[in-house]
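Here is a short briefing on the structure shown below. Read it with the model open, and go through the topics in turn.

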Amino acid sequence: MKPELGVCYYPEHWPETQWAEDAARMRETGLSWVRIGEFAWSRIEAEPGKFTFDWLDRAIETLGAAGLKVVLGTPTATPPRWMLDKHPDMLAVDAQGNPRKFGSRRHYCFSHMGYREESARIARILGERYGKNPHVQAWQIDNEYACHETTLSYSRAAVEGFRDWLAQRYQSPEALNRAWGNVFWSMEYADFSEIDPPNLTVTEPNPSHVMAWRRYSSDALVAYNAAQVGALRPLTNAPLIHNYMGRVLEFDHFDVGDDLDIASWDSYPIGFLSDRLDDSPEHKRRYLRQGDPDMQALHHDLYRAVGKGRWWVMEQQPGPVNWAPYNPAPLPGMARLWAWEAIAHGAEAVCYFRWRQAPFAQEQMHAGMLRPDSAPAPALGEAAQVAAEIEALPEIRLAKAPVAILFDYPSGWAWETQPQGADFDYFELILETYRGLRKLGLSIDILPVDSDTSDHPLLLVPGLFELPDALKLRLAARKGITLIGPRSGTRGPEFNIPLPLPPALPGLDATIALTESLPPSAPEPLAQGGAIIRWLERLEGTADVVEETASGQPVLMRSGGLHYLAGWPDAQALARILFRACGELGIETRDMPEGLRLRDTEVYRFYINYAPEAVSFDGLEIPAAGIAWKETK
Amino acid sequence: MKPELGVCYYPEHWPETQWAEDAARMRETGLSWVRIGEFAWSRIEAEPGKFTFDWLDRAIETLGAAGLKVVLGTPTATPPRWMLDKHPDMLAVDAQGNPRKFGSRRHYCFSHMGYREESARIARILGERYGKNPHVQAWQIDNEYACHETTLSYSRAAVEGFRDWLAQRYQSPEALNRAWGNVFWSMEYADFSEIDPPNLTVTEPNPSHVMAWRRYSSDALVAYNAAQVGALRPLTNAPLIHNYMGRVLEFDHFDVGDDLDIASWDSYPIGFLSDRLDDSPEHKRRYLRQGDPDMQALHHDLYRAVGKGRWWVMEQQPGPVNWAPYNPAPLPGMARLWAWEAIAHGAEAVCYFRWRQAPFAQEQMHAGMLRPDSAPAPALGEAAQVAAEIEALPEIRLAKAPVAILFDYPSGWAWETQPQGADFDYFELILETYRGLRKLGLSIDILPVDSDTSDHPLLLVPGLFELPDALKLRLAARKGITLIGPRSGTRGPEFNIPLPLPPALPGLDATIALTESLPPSAPEPLAQGGAIIRWLERLEGTADVVEETASGQPVLMRSGGLHYLAGWPDAQALARILFRACGELGIETRDMPEGLRLRDTEVYRFYINYAPEAVSFDGLEIPAAGIAWKETK
Amino acid sequence: MKPELGVCYYPEHWPETQWAEDAARMRETGLSWVRIGEFAWSRIEAEPGKFTFDWLDRAIETLGAAGLKVVLGTPTATPPRWMLDKHPDMLAVDAQGNPRKFGSRRHYCFSHMGYREESARIARILGERYGKNPHVQAWQIDNEYACHETTLSYSRAAVEGFRDWLAQRYQSPEALNRAWGNVFWSMEYADFSEIDPPNLTVTEPNPSHVMAWRRYSSDALVAYNAAQVGALRPLTNAPLIHNYMGRVLEFDHFDVGDDLDIASWDSYPIGFLSDRLDDSPEHKRRYLRQGDPDMQALHHDLYRAVGKGRWWVMEQQPGPVNWAPYNPAPLPGMARLWAWEAIAHGAEAVCYFRWRQAPFAQEQMHAGMLRPDSAPAPALGEAAQVAAEIEALPEIRLAKAPVAILFDYPSGWAWETQPQGADFDYFELILETYRGLRKLGLSIDILPVDSDTSDHPLLLVPGLFELPDALKLRLAARKGITLIGPRSGTRGPEFNIPLPLPPALPGLDATIALTESLPPSAPEPLAQGGAIIRWLERLEGTADVVEETASGQPVLMRSGGLHYLAGWPDAQALARILFRACGELGIETRDMPEGLRLRDTEVYRFYINYAPEAVSFDGLEIPAAGIAWKETK
């Protein structure tokens with residue numbers, strides 16, 4: 001199957017007289033998919049129970065007649081105003097106790113059973129009407145879960161849900177007290193009804209309490225999504241999709257993904273660079289109009305895992321957006337490059353957001369493929385070029401990468417709960433690890449913790465907070481090289497320090513005797529160059545020392561292929577460690593020019609140039625913001 | 001009429017035995033005006049309906065007998081404590097929903113009808129008693145509207161007022177939904193009673209919603225002021241004044257000014273430099289004890305427009321203040337310079353704040369003309385010098401400036417609602433434009449949007465968010481040079497993007513195809529030097545290109561005298577653009593030494609030296625913190 | 001009496017089977033004291049009135065049997081969950097009006113009478129059971145008052161307590177209005193019931209109001225402590241102790257100390273360096289693993305005064321902690337150095353916190369003397385070394401220092417209430433003064449304001465906000481040199497500016513005519529080098545000028561030994577001023593190498609090296625993080 005392009009479209013925003021022309025232009029551009037409906041609840045059900053479907057019927061018919069396949073969204077991210085009269089307590093509540101009011105979107109609490117039922121109801125009604133519609137070939141459930149920090153809600157419904165969840169997990173308050181160590185500071189509970197969410201405490205709450213709250217909140221979101229899945233499944237054979245966001249770790253995407261057919265995500269490379277990355281000002285200046293060279297690829301690989309191999313980009317940035325601190329325009333070529341990079345990572349579809357720039361409401365400064373006056377915006381032509389290029393190429397087939405990284409959402413919650421050092425961030429650790437691999441020219445698979453990793457010669461396990469015994473045994477038994485740490489396995493399932501002390505890896509005699517977090521001013525130099533930054537564990541044991549500090553403290557120890565890395569390496573140290581491991585395994589590495597990245601598929605090697613200048617490599621001349629490929633087989 | 005000096009005085013703060021001596025010293029210093037009463041409500045009406053006027057009678061008599069003219073303030077900025085028992089819901093409410101409590105000042109909500117009536121009542125009672133008093137020659141209504149961010153209140157009264165205002169403006173919820181584009185994100189309302197202020201939403205609210213809220217909040221303030229005006233007008237022939245603050249754009253001063261006779265403002269140059277300007281640390285260091293060289297002049301010109309030609313400085317900083325992050329003392333000479341600069345801009349009166357430094361309460365670290373022990377503070381002698389100098393000179397008469405800038409409060413709200421770039425600030429744009437003109441030695445008029453500009457050869461229209469068709473036609477028909485932009489005309493009255501795309505100026509073929517906001521690290525260099533910063537619009541069209549980027553993108557286009565500037569110029573680019581326009585118009589420009597400014601009146605040219613060192617210019621030697629003048633006719 | 005070592009221990013955290021072995025290891029290490037019980041309320045009284053003492057009986061017996069002396073804590077810092085059902089309104093309330101919830105510690109309001117009685121009740125019950133127990137040789141009341149900013153609470157109980165306190169202090173609203181100057185801004189009250197705490201006001205509240213609130217809040221804490229003292233005193237002869245924190249000025253420790261027998265404090269040098277000091281990044285980098293060279297010594301001297309000569313370190317950092325932004329490990333030797341420095345300042349006991357690192361709850365990343373697996377952590381061996389060294393030395397006896405600094409908690413509140421310059425901080429002023437003295441090799445006494453200072457040739461009085469007449473007379477009559485200022489005596493007891501203007505020192509003709517606060521970019525250079533930073537008063541008068549600015553403005557004036565310093569000196573200026581004063585008095589000064597400090601006791605001079613490198617001095621080679629001593633008599 002060849003990859004396809006698409007676009008997000010809002011027929012309710014435009015006069016019906018314009019729909020057919022829009023559809024025709026989409027097809028001319030080479031688009032196959034059109035996503036609609038995900039914010040249209042007030043137009044579908046303007047009053048409770050009073051439905052208006054004729055416009056949507058005609059919109060689907062018009063789009064379908066033009067040859068477009070429709071992704072139909074359930075509109076539950078934007079409950080209409082009347083919903084608050086039916087369910088006045090459905091609003092999410094922030095950590096200070098303020099309700100998060102109507103007037104934008106995502107103002108519902110995942111724990112509210114009344115709204116959960118309303119969501120299943122509207123999904124069912126849509127399913128009943130369009131589940132067998134031949135033009136509706138996929139469904140999107142809700143929109144961007146967790147966006148605007150909406151996973152955690154401190155509403156009454158959430159408090160009650162949390163207590164029920166605790167009762168199920170622990171069965172008795174005594175068991176909970178023991179699990180959390182509530183004897184510390186007399187925090188013991190006599191009844192589950194005494195337990196609140198861990199907000200507004202005088203000083204930090206018990207981290208076990210916080211982790212339980214994070215797990216509950218993720219589970220509530222998963223159950224909310226499952227309610228809609230349950231309503232739709234019997235009514236349609238089309239795949240169910242959700243569009244996740246970038247750098248969102250608030251809920252366990254693998255859990256949501258288990259209930260869906262395809263994972264998709266919304267990729268805004270320039271917005272993310274400005275708004276969600278912690279890189280240096282020089283880095284941000286260099287990639288101002290391109291986005292970070294690794295941020296998109298990392299998410300492509302991650303969401304490929306969340307979708308168990310099937311994934312899309314549901315929203316692709318086409319030009320300047322409206323929500324970052326600064327919103328420059330992409331370099332010419334980037335709207336093409338981003339699409340191709342997604343395809344090289346296995347995307348089944350890439351949909352640009354949005355068709356025409358809206359001249360009203362919150363996103364009026366968000367570019368589209370068309371300007372508000374329907375003239376073409378720069379992305380239109382680049383999309384057409386991608387469509388033509390896809391047409392000209394045979395199918396792109398995925399290849400298994402030589403390296404994998406284990407990724408785990410609860411580890412994100414764990415280190416947010418207990419950073420211990422102000423800049424210890426799980427996503428940053430993953431991103432820097434991923435970037436280190438990419439700078440060596442490697443393709444990478446991101447995997448959930450319970451994956452079979454036997455086909456990946458090199459496996460990295462950074463910052464995985466819990467290492468159950470079964471996993472330890474599996475990792476120790478692996479062939480190839482397994483690089484665990486820093487901080488991996490340092491907590492048990494209830495967020496206690498396990499005994500014997502971590503990492504306690506079978507066959508590797510290395511114990512963390514003491515842990516330090518280091519301010520940016522105090523990197524710890526390594527004997528072979530580079531340094532440990534942020535996090536340094538003091539190892540004891542008899543395992544072989546591969547890396548040590550300039551003062552002789554072991555930092556990387558191994559026993560056969562099993563390694564433990566006792567600190568957060570800077571780029572230089574990471575490069576050496578990865579280069580050595582790859583060399584030992586016979587994995588080919590390259591010293592990539594700044595901003596150029598490789599991605600290997602079964603037949604093609606893609607050369608993706610995020611740099612603002614042309615680069616020569618492998619006999620190719622890849623222009624600034626350009627992409628190239630050649631056959632490797 | 002010659003300009004006069006005055007002072008702010010609080011008889012209720014001092015023993016009655018001291019009043020006569022204070023009054024005599026004021027006269028000796030050469031002061032003519034004394035403002036009193038604006039915070040004295042608790043001394044006038046200690047219990048509801050129980051009035052004590054004898055002390056105020058005697059104070060006015062004592063001051064008047066000494067030859068001073070009294071400005072009497074209505075005390076409504078400081079409702080006494082008992083008012084809360086009568087009107088428990090009168091407190092303003094902040095955006096988080098917390099009432100803004102009693103214990104300082106300005107704790108009332110402009111929308112509260114009960115307090116509005118109380119304010120009219122006290123104004124009427126004062127008017128009845130003092131409206132014809134020969135010593136009371138002017139009135140000040142309330143004090144520093146909007147100070148401490150008090151325009152926006154989220155009280156119940158404001159919510160109800162907002163809904164009524166919306167109902168009047170839009171007539172039906174359907175019309176409002178259409179105007180705001182509420183179909184976006186299912187934000188449609190079925191009834192005006194469903195609409196809240198746009199606070200505490202999950203993510204950003206609809207900008208049309210925010211703009212409506214800003215307009216309503218300004219209108220509520222205007223109506224509050226009008227209630228007091230309505231009470232006083234029938235009772236007195238003395239002019240009614242309000243004392244506005246610096247860099248306050250929260251409400252439409254032109255609207256308030258329309259109901260009053262004279263505009264005045266409170267000028268704190270050193271406090272503002274530290275607290276309200278975004279200039280570089282070097283700039284702030286250089287002008288630490290003088291204040292910014294353009295901030296005062298800009299406000300003088302602005303409030304001259306608000307007062308339709310009649311304006312005062314009601315409070316003039318005399319020494320260190322108490323409210324900025326740091327509070328250094330002025331250089332010797334500044335208390336004189338500031339007064340003279342105001343006079344050169346046409347001030348009818350300059351009143352120092354305050355007579356004697358108070359040894360108690362909130363402003364005990366705020367200098368006066370006297371120390372707390374009644375010894376002279378530095379400002380006293382400088383004021384006496386100004387008084388003598390005024391005496392020695394003939395009347396200062398205003399001259400029309402060759403340049404005007406259109407100024408518009410709603411544009412301030414618009415770009416605060418939707419900055420799109422983190423540092424896009426309307427006031428900053430106006431200030432930098434004004435500064436650019438002053439560095440060329442020019443005198444400037446600031447004008448409201450509906451002004452006749454035919455006598456101003458050069459007209460600047462930066463950042464004016466809405467350009468109604470009638471205004472466009474007027475601007476296109478002007479003689480001379482009209483420089484519009486950046487961002488001007490990019491929104492319609494309901495904050496939508498107009499079609500055809502902006503700026504759509506008659507006779508100027510230039511269209512904004514795309515807009516970028518630029519971080520400070522990424523200025524866009526211009527072909528002729530300098531750069532565009534912060535904001536860059538991509539122009540298309542056939543108009544003549546005057547300026548372009550180094551990469552050839554047009555930035556300034558013209559057709560005859562009508563220009564559109566598609567970006568925020570840095571100082572170098574702005575200077576060139578203004579210099580070229582002035583040259584074309586035959587307006588004389590000068591290359592001013594750093595810190596020296598000119599101001600032309602009908603007969604005199606004033607040389608105002610904000611620099612901390614002496615400067616030679618035009619054959620004059622102007623000392624540090626000094627002022628000089630010579631006849632030009 | 002020789003100094004002793006101890007440790008904090010939580011028998012309730014560990015299996016009872018481990019207690020005896022733990023106790024034996026403590027004794028082997030050379031520890032004498034063990035503090036227990038201060039967070040164990042939920043284990044002592046799991047339900048209201050249902051007591052479980054057997055475990056605590058056995059714990060005390062086990063520890064005592066091993067030869068340890070027990071410090072028993074009252075557990076009132078951690079009221080159990082059921083307490084909230086009995087007293088739902090006992091929670092402290094933050095300045096925004098949010099209750100500070102259960103789930104950590106210190107969640108009670110000092111003003112709540114119900115909880116105050118509960119606290120006295122549990123203290124009495126513990127006293128009845130253990131007051132005569134031979135192993136319980138000291139008591140700790142509560143734990144770290146004010147930690148987590150818990151002094152100020154805006155609860156209903158606090159509001160009512162405040163009003164009662166005001167009624168007692170002022171007797172009539174009229175007197176209060178006069179004292180506070182409430183005529184300013186019509187803030188006058190007609191009844192005490194109208195007065196709220198000074199939070200959530202529109203702009204700053206009256207500083208007299210804030211100071212009254214600060215005094216009340218301190219008094220409420222003092223009364224809370226006294227309630228427990230009152231319960232325990234009749235039941236035990238063992239000394240009563242509280243463990244204060246570092247850099248906490250929220251309440252008057254001298255007032256609490258007056259009701260207790262011994263002062264102690266919790267010393268976390270590395271946590272404080274990172275979290276509570278404003279020094280330069282270079283300074284923080286240099287002392288990253290040692291802590292600031294003067295922070296501990298200052299607190300030792302301060303708490304010696306609070307304890308009227310008797311003081312301990314109750315909690316001594318042993319390794320990395322869990323609560324600072326970054327948490328590095330101490331250099332080898334620091335756990336010894338810190339203990340010895342305390343001893344050199346007269347500590348009767350130094351107790352490490354804690355015995356074994358807890359693998360659960362909030363402090364799982366806080367090091368102990370043992371690791372979670374009971375293996376020795378680095379501090380264990382260092383403590384054993386200190387114990388052996390104490391054994392080998394004769395008793396350390398205090399010597400009176402040649403210099404004293406007056407320290408005053410209300411001055412901390414005063415300048416927090418009215419900083420006037422953003423970086424004016426009383427503690428910082430004290431610390432920099434103290435540091436200046438230490439860099440000259442001096443030992444210092446810190447004294448409360450009402451102290452006899454006749455034995456101290458040099459007395460420093462920086463930033464003491466109020467100088468009552470009796471104190472002025474005492475200071476003027478002193479022999480030796482008295483250095484007052486900056487800002488000393490500039491407020492009266494109700495926070496008004498006194499007349500005649502400050503400092504108004506008997507026999508010293510010097511008056512503050514004007515005051516400036518200076519931003520960091522604008523130091524005022526002195527004629528003899530160095531500069532005034534932050535705060536500069538303009539002095540007038542005929543007293544002798546000792547220091548002046550480069551422009552000739554007097555900065556230090558004197559008459560005989562009485563000096564007034566009219567600004568905040570930088571390190572260079574301070575060093576010169578102190579060096580000159582010491583020279584005049586014949587006090588020996590030394591030019592200390594960076595990081596090395598001296599401390600003189602009756603017989604020994606201690607050399608304390610905070611530097612990360614060895615230093616040679618006085619013929620001694622003191623290693624990095626090392627300590628040395630020699631006899632001086």
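Helices and strands here are DSSP runs, numbered from the N terminus; a helix has at least four residues and a strand at least two. On that basis, A:Pro503 sits in the loop between β14 (481-484) and β15 of chain A. The model is predicted. Chain C is in contact with chain A and with chain B.

**Interface of chain A and chain C**

- On the chain A side, 48 residues take part in the contact, and on the chain C side 50 residues do.
- The two chains bury about 4,300 Å² between them. Carbon and sulfur atoms account for 56% of that area.
- A:Phe184, A:Trp185 and A:Val202 lose the most area to chain C within chain A. Together they make up 19% of what that side buries.
- There are 4 salt bridges across this interface.
- One salt bridge pairs A:Glu188 with C:Arg43, with an N to O distance of 2.6 Å.
- Polar contacts link 26 residue pairs across the interface, both residues being at pLDDT 80 or more.
- Two or more residues of the chain A side come from each of β15 (511-517) and β17 (531-540) of chain A. The largest share, 6 residues, belongs to β15(A).
- By class, the chain A side holds 23 nonpolar, 15 polar and 10 charged residues.

**Interface of chain B and chain C**

- Here 50 residues of chain B meet 48 residues of chain C.
- The buried area is about 4,300 Å², and 56% of it comes from carbon and sulfur atoms.
- B:Lys101, B:Tyr326 and B:Gln362 supply 18% of the area that chain B buries against chain C. No other three residues supply more.
- The salt bridge count between these chains is 4.
- C:Glu516 and B:Arg289 form a salt bridge, and their closest N and O atoms are 2.2 Å apart.
- Polar contacts number 27 residue pairs, with both residues at pLDDT 80 or more.
- Helix α2 (residues 41-44) of chain B gives the largest share of the chain B side, 3 residues.
- That side has 22 nonpolar, 14 polar and 14 charged residues.

**A:Glu363, a buried charge**

- A:Glu363 lies in the loop between β10 (349-352) and α14 (378-392) of chain A.
- This residue is buried, yet it has no salt bridge.
- The nearest side chain of opposite charge belongs to A:Arg354, 4.1 Å away. A salt bridge needs the nitrogen and oxygen within 4 Å, so a pair at 4.1 Å does not count.
- Within chain A, and leaving out residues up to four places away in sequence, A:Glu363 touches A:Asn322, A:Phe353, A:Arg354 and A:Ala358.
- A:Glu363 also touches B:Phe184 and B:Trp185 of chain B.

**C:Gly181, a buried glycine**

- C:Gly181 is in the loop between α7 (173-180) and α8 (207-232) of chain C.
- The relative accessible area of C:Gly181 is 5%. Buried means under 20%, so C:Gly181 counts as buried.
- Leaving out residues up to four places away in sequence, C:Gly181 touches B:Phe360, B:Ala361 and C:Asn206.
- C:Thr74 is 107 residues from C:Gly181 in sequence. Their C-alpha atoms are 43 Å apart in space.

**Cis peptide bonds**

- The bond that joins A:Pro502 and A:Pro503 is cis, with omega about -5°.
- The bond from B:Gly485 to B:Pro486 is also cis, and its omega is near 0°.
- B:Pro486 lies in the loop between β14 (481-484) and β15 (511-517) of chain B.

**Positive phi outside glycine**

- A:Ala146 has phi near 80°, a positive value in a residue other than glycine.
- A:Ala146 belongs to the loop between β6 (136-140) and α6 (156-170) of chain A. At 2% relative accessible area, A:Ala146 is buried.
- A:Leu200 has a positive phi too, near 60°.
- A:Leu200 sits in the loop between α7 (173-180) and α8 (207-232) of chain A. Its relative accessibility is 25%, so A:Leu200 counts as partly exposed.

Note on methods. Residues numbered from 1 in each chain as written. Chains lettered and ligands numbered in written order. Predicted model: local features only at pLDDT ≥ 70, side-chain atom pairs only at ≥ 80, totals over all residues. Heavy atoms only, no water. Buried < 20%, exposed > 50% of the residue type's maximum accessible area, 1.4 Å probe, protein only. Lys, Arg positive; Asp, Glu negative; His and termini not counted. Contact = heavy atoms within 4.5 Å. Buried area = accessible area lost by both parts, 1.4 Å probe. Polar contact = N/O pair within 3.5 Å; in protein donor to acceptor, adjacent residues only side chain to side chain. Nonpolar A, V, L, I, M, F, W, Y, C, P; charged D, E, K, R; others polar.
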